[in-house]
Amino acid sequence: MTANELYSKMEERFGRYPDGGVVCSNGEDIQSMVCEIDWYMLYHVMTDRNTLYVVHHPVSDFALRLSQINPDEKQDDIRSEVQNWLLEFKARELQMNLAVAHTMADKMLEAELSECLEGARGEEIVTRLNGFFARFFDPHPAMVVLPEARRLIDQGAEAKVVFGSYGYEVKDGLIYVDQCGMEETEQAITIPHSLVDAMAMSLWKTAAIASMSQ
């Protein structure tokens, strides 16, 4: 299965997003996979032509398409960051397989965490969140409960996970589980961005490896 074939199978299962896809492929069968969060974590480790190297944060033209997902991302600013293209140049020079996961991975995590929180209210939300993240990292970086979210927890409110969602409509009486620094409301429980990225990529890699064997 080539990089393009594998990524197509992932899109069939988890949806297609403009800021993710195959950056370049050498057309050879994929035998292993390396997933990292940022471009520089892959830059010096691309050595195997039968490995699919996957980065979470968008690079190349997929970085430009971030503006289709998040209106706050400006294409002129993205173009000025030359590192967004360095990984692609390296991968093409070495004839490697390179792909971007980003929103697909975030949405996979959003769906799994939403299922974990189904039916939870109030303090049970915090308990389930801690249990969920402890499955991957124990101990894990602490989440932050903003004051308005704490008030809603004390009132027994429900929660909604919004990883990978931007510009959502905030509803009164609802707690939002979002990434730290990305929250759009004070009614939020914020999860460290690095923890979200690492867990999203872990889920993506597990699903991709399973797809390779099907």
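A residue counts as buried when its relative accessible area is under 20%. Keep that cut-off in mind as you explore this predicted model.

**Stop 1: Tyr-7 and its partner**

Select Tyr-7. Its relative accessibility is 4%, so Tyr-7 counts as buried. Now add Trp-204, which is buried too, at 0% relative accessibility.

A search of the whole structure finds six aromatic pairs. In one of them, the ring centres of Tyr-7 and Trp-204 are 5.9 Å apart and the ring planes meet at 40°, so this pair is tilted. Colour helix H1 (residues 3-14) and helix H10 (residues 193-212) to see where the two rings come from: Tyr-7 belongs to H1 and Trp-204 to H10, so the pair ties together parts that are 197 residues apart in sequence.

**Stop 2: two more aromatic sites**

Next, select Phe-132 and Phe-133. Their ring centres are 5.5 Å apart and their planes stand at 85°, so this pair is edge-to-face. Phe-132 is buried, with a relative accessible area of 1%, and Phe-133 is buried as well, at 0%.

Then select Trp-39, Tyr-40 and Tyr-43, which form one aromatic cluster.

**Stop 3: the sheet**

Switch to a cartoon view and look for the strands. In what order do the four strands of the open sheet lie? Reading across, you meet E1-E4-E3-E2, and the pairing is mixed. Strand E1 (21-24) and strand E2 (32-36) stand at the edges with a single partner strand each, so one side of each has no neighbour in the sheet. From one strand to the next, the twist averages 25°.

Zoom in on E1 and strand E4 (residues 97-100). Strands of a sheet pair through backbone hydrogen bonds, either parallel or antiparallel. Which of these applies to E1 and E4? They pair in the antiparallel sense, over three bridges. To see one bridge up close, select Cys-24 and its partner in E4, Leu-98.

Bring the helices back into view. H1 packs on the sheet and touches E1, E2, strand E3 (51-55) and E4, with its direction at about 165° to that of E1. H10 also packs on the sheet, touching E2 and E3, and its direction makes about 165° with that of E2.

**Stop 4: along H1**

Stay with H1, a helix of 12 residues. From first C-alpha to last, H1 reaches 16 Å, close to the 16 Å expected at 1.5 Å a residue. Which residues of H1 are buried? Select Ala-3, Leu-6, Tyr-7, Met-10 and Glu-11. Look down the axis: they cover an arc of only 140°, which puts them on the same side of H1. The buried residues of H1 pack against E1, E2, E3, E4, helix H7 (102-117) and H10. Just after H1 comes Gly-15, with a positive phi of about 100°.

**Stop 5: along H6**

Finish with helix H6 (residues 83-94). The 12 residues of H6 should span 16 Å at 1.5 Å a residue, and the end C-alpha atoms are 17 Å apart, which agrees. Select the buried residues of H6: Asn-84, Trp-85, Leu-87, Glu-88 and Ala-91. Seen down the axis, these fall within an arc of 150°, so they line one face of H6. Just after H6, select Gln-95, which takes a positive phi of about 55°.

Note on methods:
Residues are numbered from 1 along each chain as its sequence is written. This is a predicted model: local features need pLDDT of at least 70, side-chain atom pairs count only at pLDDT 80 or more; totals for chains, interfaces and linings use all residues. Side-chain values use heavy atoms; hydrogens and water are left out. Rings of Phe, Tyr and Trp (its six-membered ring) pair if their centres lie within 6.5 Å; planes under 30 degrees apart count as stacked, over 60 as edge-to-face and the rest as tilted. Helices (H or I, at least four residues) and strands (E, at least two) are DSSP runs, numbered from the N terminus. Buried means under 20% relative accessible area, exposed over 50%, partly exposed in between (1.4 Å probe, protein chains only). Two strands pair if DSSP finds at least two bridges between them. Axes are lines fitted to C-alpha atoms, for helices over the stretch in contact, and angles run from 0 to 180 degrees between N-to-C directions. Contact means heavy atoms within 4.5 Å. The expected span of a helix is 1.5 Å times one less than its number of residues. The arc is that of the directions from the helix axis to the C-beta atoms.
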